Amino acid sequence: MTMLNLLKPQSAAPVESVIWDRSALESYSTCPAMPYLMAKHKVAGDSAIQQVGIEGHRIIAETWQSFANQDDLSGMRDYLVDEGRMSRPDIQPDVLRVLKNIANKLTVIGGQRIIGVEKQLSAPAGVKDKEGRPVVFSMAYDLLTACRKESELAYTDYKLGYKVRSNTEAAEAFQTQFGGLLIWQNYPQIQTIHVFYEQPRAGKTAYARLDRERDFHDFQGRAWSSLDRAVADDHPAWPDPVKCSWCTVAHLCEKADTQAADLKKDPADYLERMIIAEAIVKKMKAALTGHWKSGHKITTRDGKYEFGHFPSERISCKVKKAEALSEDDDGD
Ligand code: SF4
């Protein structure tokens, strides 16, 4: 039996069921007010960057459909690039750049290891909705590949925007954990999942390692908790400066973090204010430096921060937390 045969999905969605997709659940798990406001105000994510993502993923799906039943996947790379050349003309260069990156990766991996590209997996959630219908969780995977060990599998996702994830962010992402949960449910022999977020714009890859015994129940709890939020009658807002700065409906949300809301309402005005603020800070630093160089110790009233020269820093003058100061002093 080949590795690919071993990795055939073991479960199927029940006939009478209600399907909850990863992206819908994720928006509720991020902030329940977000999907609610998007639906209420009919807001769709339609920026150029989102269109590149949609177009890129459409081409990947079509390519996979063309090669789905073929043993020889060697033509997939050229097919992918050829299709990319005919994508929407206004975003074609961007789409092509991303698809070439994916095509190169497929070449390195080799067809024999590919389990699926744009592959949809679903699995029973183990809970019922208010109408008593079994809930099925579902998610599309950009790329699933077999590893050398039969108990391991790799999941690669292509992030085509500008946000750059760290390894910690990759490990804690809802997508990572929900994706891991469904893989474990579909492939009982898999213990370890290697998750890669390819970020071609930044030229970086974020990585997370998932372990069935350690993570399964944590991930399942998060998925259930998200489902609870999605079917609840209220839609609370959970503002956060970073979250709100990426939110499509920040300009419509009363609870939005004020900085993020200001930015969404008038980006030009926000930028101009930032430039002015930076100029003011520069002048304040110059004044502080002069005062400090004339022999004055400058600390905040609570003594937690100090302005001065710290030998371990490349910038000669800055504000530093007092706790960190003692560590520097030890080494000098
Ligand atoms: S702006 Fe912030 S609080 Fe409001 S919906 Fe978006 S993420 Fe939630």
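Is helix α8 mostly covered or mostly exposed, and how many of its 13 residues are buried? Helix α8 is mostly covered, with 11 of its 13 residues buried. This is a predicted model, and α8 is a good place to enter it.

Helix α8 spans residues 174–186. From its first C-alpha to its last it reaches 18 Å, close to the 18 Å expected at 1.5 Å a residue. The buried residues include Thr176, Phe178, Gly179, Leu182 and Trp184. Gln177, Gln185 and Asn186 are buried too. Among the elements of the chain, α8 also has the highest mean pLDDT, 98.

Now step back to the whole chain. The chain holds 13 helices and nine strands. Of its 332 residues, 27% are buried. Take the contacts with a separation of 6 or more: 62% of them join residues 24 or more positions apart.

Next, follow the strands. Strand β3 covers residues 134–146 and is mostly covered, with 10 of its 13 residues buried. Strand β1, residues 18–21, pairs with β3 in the parallel sense over four bridges. There, Val18 has Val135 as its bridge partner in β3. Strand β2, residues 114–128, runs antiparallel to β3, and 10 bridges join the two. One of the pairings sets Gln120 against Ala140 of β3. β2 and β3 make a hairpin with five residues between the strands. Within that hairpin, Gly132 takes a positive phi near 85°.

β3 also pairs with β4, in the antiparallel sense, over four bridges. Thr145 has Ala154 as its bridge partner in β4. These two strands form a hairpin as well, again with five residues between them.

From β4 the path leads to β5. Strand β4 is residues 152–158 and strand β5 is residues 192–199; they run parallel, joined by seven bridges. Asp157 stands opposite Tyr197 in β5. β5 then meets β6, residues 204–211, which runs antiparallel to it over eight bridges. Here Glu198 has Thr205 as its bridge partner in β6. β5 and β6 form a hairpin with four residues between them, and Gly203 in the turn has a positive phi of about 65°.

Pause at one residue of β5, Val195. Why does Val195 count as buried? Val195 counts as buried because it has 24 C-beta neighbours inside 10 Å, and the cut-off is 20 or more. Leaving aside neighbours within four places in sequence, Val195 is in contact with Tyr155, Ala170, Thr176, Tyr207, Ala208 and Leu210. Thr176 is one of the buried residues of α8, so named above. Gly179 is another buried residue of that helix. Its C-alpha lies 9.3 Å from that of Val195, though the two are 16 residues apart along the chain.

Turn to the ligand. Which residues come nearest to the ligand? Of the 15 residues around the ligand, these are Cys31, Cys244, Cys247, Cys253 and Ala256. Two helices, α3 (33–40) and α10 (241–246), each supply at least two residues of the shell. α3 gives the most, with three. By kind, the shell divides into 13 nonpolar residues, no polar ones and two charged.

Last comes confidence. The chain has a mean pLDDT of 82, and 85% of its residues reach 70 or more. Over residues 326–332 the pLDDT is below 50, and this stretch has four contacts in the model beyond near neighbours in sequence. Residues 1–9 also stay under 50, with 13 contacts beyond four places in sequence. Helix α1, residues 3–6, has the lowest mean pLDDT among the elements, 40.

Methods: Residues numbered from 1 in each chain as written. Predicted model: local features only at pLDDT ≥ 70, side-chain atom pairs only at ≥ 80, totals over all residues. Buried ≥ 20, exposed ≤ 12 C-beta atoms within 10 Å, placed from the backbone. Contact = placed C-beta atoms within 7 Å. Near = placed C-beta within 6 Å. Nonpolar A, V, L, I, M, F, W, Y, C, P; charged D, E, K, R; others polar. Expected span 1.5 Å × (residues − 1). Pairing = 2+ DSSP bridges. pLDDT = per-residue confidence, 0-100.
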